[in-house]
Amino acid sequence: MKHVAYVSCAESGELLAFEMDASGRLREIQRLAPGGMLMPIAVAPGKRHLYVARRSDPLAVVAFEIDPASGRLKHIGEAPLAHSMAYISTDRSGRWLFSASYGGHLISLNPLDADGRPLPPLRTIETGPNAHCILADGSNRHVYATSLGGGVLGHWRFDASTGSLSPDAQQPVLALHEGSAPRHLVFSPAGDFAYLLGELDATVTVLRVDPDSGRLDPVQTISSLPDGFQGKPWAADLHTTPDGRHLYACERTGSQLAIFAIDPSDGRLTLLGHQATEEQPRGFAIDSKGRFLLAAGQLSHHVSSYEINPRTGALSFVGHVPAGRDPNWIEIIALGS
């Protein structure tokens, strides 16, 4: 099975594709220049299409078709976005593109046509200050978005047949602890827990997910920082391994990855240690087999590869490769899966 990693580079306006070999080493296979400040990436279900948001004028989502054999990208179009978007994702049907705007304090929804091409925004919804992440749950009936400045997580009911988003009647927002600045959200592989990263205190909050109502209930909050950390925390991203045994979170001030064990019974986290990584890691990703982790350094302009020990979660450095200027977002897909 071949894995291909896609990296967006904000300063150089490039989108890179890397083939990853069986040892986790990367080889560049394509470099495209859509231009502008390219940042968040989303891959549609089925891995046939990739989308990247341009955060400078003209604000747009740029769409590509993924070659199923090589992973190379073919530009197929673009559509305007409602604002400069810090995060994009597709719904589980692949018919809708969600986006969240940090500066616009809103979330938005663009339709995707049958050929994967994006259309202009269908609806835009104001949120609390600094929306930073938007994600549908596994059932595709619930959508969640962070308000970093408001300290809350919003919850909407979603109808994939119409693209309708309506605030959940029972829990329209979940307030987080003061000072956390909720940034990115991920679900456990089974969907029974969610993990929420606080940007300004580098905490991870564990949330139990009710499968019917979509309600989120806090279970635990734990720091991702090492003992003796100096400076202002600046957390960025988090991901779980596909087997649900480990969670990783990156922090930019210390240029490090935190490693957690996940208790399968209650979703709680135990901090196992840290791995130094590329300078100012804004984004990272884990491959579909849970064998490798790739981290991008905004200031080093490189991408590092680490092998994941499936038993301990420890990371072993494999190598690194140059990227464009300011690499900040990574998505990995398995071809032929």
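Okay, let's start with strand β19, residues 203–209: six of its seven residues are buried, so the strand is largely enclosed by the rest of the structure. Buried here means under 20% relative accessible area. And before I go on, a reminder that this is a predicted model.

So what sits on either side of β19? On one side there's β18, residues 193–198, and the two strands pair antiparallel over five bridges. If you want a landmark in that pairing, look for tyrosine 195, which stands opposite valine 206 in β19. The two strands make a hairpin with four residues between them, and alanine 202 in the turn has a positive phi of about 55°.

Then there's β20, residues 216–223, joined to β19 by seven bridges, again antiparallel. Two pairs to click on here: valine 209 stands opposite leucine 216 in β20, and threonine 203 stands opposite serine 223 in β20. This hairpin has six residues between the strands, and glycine 214 takes a positive phi near 80°.

Put those together and add β17, and you get an open sheet of four strands, in the order β17-β18-β19-β20, with antiparallel pairing. Why is one side of β17 and of β20 left without a neighbour in the sheet? Because these two stand at the edges, each with a single partner strand. As for twist, neighbouring strands of this sheet are turned by 25° against each other on average, if you ignore direction.

Okay, back along the chain to β14, residues 152–159. It's a similar story on burial: six of the eight residues are buried, so β14 is also largely enclosed by the rest of the structure.

Which strands does β14 pair with? Let me take β13 to begin with, residues 142–147: six bridges join it to β14, and the two run antiparallel. Within that pairing, alanine 145 has glycine 154 of β14 as its bridge partner. The hairpin between them has four residues in the middle, and glycine 151 in the turn has a positive phi of about 70°.

Next comes β15, residues 164–167, which is joined to β14 by four bridges and runs antiparallel to it. Phenylalanine 158 is the one to find here, as it stands opposite leucine 165 in β15. That's a hairpin too, with four residues between the strands, and glycine 163 in the turn has a positive phi of about 80°.

And there's β16, residues 173–175, which pairs with β14 over three bridges, also in the antiparallel sense. There you'll see leucine 153 opposite leucine 174 in β16.

Last topic, the pocket. The largest pocket holds about 1500 Å³ of space. It's lined by 50 residues, and the closest to its centre are Arg92, Leu135, Phe187, His239 and Glu331.

Where does that lining come from? Quite a list of strands supply at least two residues each: β4 (38–43), β8 (87–90), β12 (131–136), β17 (182–187), β21 (235–240), β25 (281–286) and β29 (327–335). You'll recognise β17 there, the edge strand of our four-stranded sheet. The strand that gives the most is β29, with seven residues.

And by class, the lining has 26 nonpolar residues, 15 polar and nine charged.

That's it from me, happy to go back to any of the strands.

Key
Residues numbered from 1 in each chain as written. Predicted model: local features only at pLDDT ≥ 70, side-chain atom pairs only at ≥ 80, totals over all residues. Heavy atoms only, no water. Buried < 20%, exposed > 50% of the residue type's maximum accessible area, 1.4 Å probe, protein only. Pairing = 2+ DSSP bridges. 1 Å grid on protein atoms, 1.4 Å probe; cavity = no way out; pocket = protein on both sides within 12 Å on 5 of 7 lines; lining within 4 Å. Points joined across faces, edges and corners; volume = space filled by probe spheres on them. Nonpolar A, V, L, I, M, F, W, Y, C, P; charged D, E, K, R; others polar. Axes fitted to C-alpha atoms, helices over the stretch in contact; angles between N-to-C directions.
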